[in-house]
Amino acid sequence: MVIVSHGAPDLLRRCLASIEDSRDSKPRLVTVVDSGSRDATPQMVEREFPWVELIRRDNVGFAQGNNVVLRR
């Protein structure tokens with residue numbers, strides 16, 4: 001699952017908490033691409049959701065943010 005984020009830490013926190021609550025025993029890969037947030041969004045992800053892969057980029061936009069993960 002890929003989530004592209006630009007700020008909005010409260011919304012992202014609720015989103016990730018919902019995913020965490022719905023995870024079953026199977027590991028689920030969740031990647032957040034932070035697209036140039038100027039607030040503490042990336043730090044919040046690292047601190048509160050260590051099971052999430054975080055990729056930091058400049059503000060590349062939604063489509064390019066998804067492409068960062070798809071290229072892997």
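Start with the sheet: 3 strands form an open sheet in the order β1-β2-β3, with parallel pairing. Strands here are DSSP runs of E with at least two residues, and helices are runs of H or I with at least four, both numbered from the N terminus; two strands pair if DSSP finds at least two bridges between them. This is a predicted model, where local features need pLDDT of at least 70, side-chain atom pairs count only at pLDDT 80 or more, and totals for chains, interfaces and linings use all residues. Residues are numbered from 1 along each chain as its sequence is written, and side-chain values use heavy atoms, leaving out hydrogens and water.

Next, select 2-5 and 53-57. These are β1 and β3, the edge strands, each pairing on one side only.

Now add residues 31-35, strand β2, which runs parallel to β1 and is joined to β1 by 4 bridges. Show Val 4 opposite Val 33 in β2, then Ser 5 opposite Asp 34 in β2.

Bring in helix α1, residues 9-22: this helix packs on the sheet and touches β1 and β2 (contact means heavy atoms within 4.5 Å). The direction of α1 makes about 165 degrees with that of β1, using lines fitted to C-alpha atoms, for helices over the stretch in contact, with angles from 0 to 180 degrees between N-to-C directions.

Finish with the side chains of β1. Ile 3 and Ser 5 point to one face and are buried, while Val 2 and Val 4 point to the other and are not; buried means under 20% relative accessible area with a 1.4 Å probe, protein chains only.

Notes:
Buried means under 20% relative accessible area, exposed over 50%, partly exposed in between (1.4 Å probe, protein chains only).
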